[in-house]
Each structure stands twice: as C-alpha cells, then as structure tokens.
Amino acid sequence: LEDTPNTLVNFWREFDPELERAELFYDAFQVGYNPALADAGARYILEGTKRTTSSLLWEYEQSGRAPPQAATLSILLDGLCRPLSIIETKSVEILPFDGVDDAFCKAYAESDGSKAGWLALNWPIYAAQCEAWGREPTMVMPLVCEWFEVVFPTDPLTLRRTLRTLKNRKKS
C-alpha cells in the first residue's frame, strides 16, 4: 500500500483497520478497458456472477510485475476509479488462450457462459494487445486465469447500495 493513493488506503483501512493484511495487497484494478465496462464488470463481481478474470501473461512481462497469487488481496475500482470492494485471489493458473474450461467461462460472466462465447469475446481484446506489443496472437498465447471472491464489503445493505449506484450511473 506504500504508493497507493489515500482514498484507496482509507478504503483498505475500513477492511483492515490495523493494516495487518497490508502485505497481501496486490493491486487496485478495474475490469475492462473503459469506464462503462469497468462499471459493468464491477456489477457482475458484486452480484456474485463474475468470479474469474484473465489477462495475458505478456502483460505482466511488459510491466515487470508478477501475476497475482492465491491469497493476495486487491481493490476493485468502478469506472471512475473509486474503490468498491476488496477481492481475494483464490487460485491462479497459466493456461493457453484456448485452454480455459467451461467452469471458468461460466464464472467469467461477461459472455453467454460458453467457451465459444468466451473465446469470441476475448479474442479481439487480446489480439489487439498482442499487436500493440508486436506479438502474434495465437490460440495458445499464455493467459493468467484467476478465480477470486469478494471479501469486503460482505454486508447485503452496502452491496445493494453500491449496486444501485452503479446501475443508476449506467442509465444516465
């Protein structure tokens, strides 16, 4: 949490007042590559339908960062970069792009739940990233596949209020 903005540290302190779990902090992130997608992805996560995410292993190599590991904690941000929740990484596996299974695709929640739908949704996203890095996109490009769960907030009232805010912002 050392180089983390105060708003995020303050949010973390609501979860971990004594910063006893600060060493488990991995990242603050948005789902998707624009504010509308970030809000939609956050809604899926907070509703409990999205429990997986993926990214190219090459993205971590480009940034010099290690991929997340099981038991690390991250702050989920909305489309305006405001903290919404803390998620815990449950497991991480590096798989070829076409190596994801049906359970992973269904828990991804951003397509129809099928592997074919997941591949169709994600191919253009990862292909564009590869091209930007001068790499050839292939069906076996390495993906970091992560399973996670929301660990804060878990009280239904706060979750409902946050979801209502995200849904109202979508309408405006």
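A nonpolar core is a set of buried Ala, Val, Leu, Ile, Met, Phe, Trp, Tyr and Cys residues joined through side-chain atoms within 4.5 Å. In this structure, which is a predicted model, the largest such core holds 15 residues, and those that touch the most other members are Phe97, Val100, Trp118, Tyr126, Met141 and Leu143. Two or more residues of this core come from each of the elements α4 (102–108), α5 (115–132) and β5 (142–152), and it is α5 that gives the most, with four residues.

Tyr126 lets us look at one member in detail: leaving aside residues up to four places away in sequence, Tyr126 touches Phe97, Tyr108, Met141 and Leu143, and also Ser54, Ser55 and Leu56. Apart from the largest core lies another one, made of 12 residues, among them Phe29, Val31, Leu46 and Leu76.

We can now step back to the chain that holds these cores. Its secondary structure comes to six helices and five strands, which follow one another from the N terminus in the order α-β-α-β-α-β-β-α-α-β-α. The radius of gyration of the chain is 16 Å, close to the 16 Å that the globule rule gives for 172 residues, and the chain is therefore as compact as a globular protein of that length. Along its principal axes, the C-alpha trace spans about 45 × 35 × 25 Å.

Of the 172 residues in the chain, 42% are buried. When contacts between residues at least 6 apart in sequence are considered, 70% of them join residues at least 24 apart. Turning to the surface, the chain exposes about 9300 Å², of which carbon and sulfur atoms supply 52%.

Technical notes: Residues are numbered from 1 along each chain as its sequence is written. This is a predicted model: local features need pLDDT of at least 70, side-chain atom pairs count only at pLDDT 80 or more; totals for chains, interfaces and linings use all residues. Side-chain values use heavy atoms; hydrogens and water are left out. Buried means under 20% relative accessible area, exposed over 50%, partly exposed in between (1.4 Å probe, protein chains only). Contact means heavy atoms within 4.5 Å. The radius of gyration is taken over C-alpha atoms; the globule rule is 2.2 Å times the number of residues to the power 0.38. Accessible areas come from the Shrake-Rupley method with a 1.4 Å probe; for residues, only the protein chains shown count as cover.
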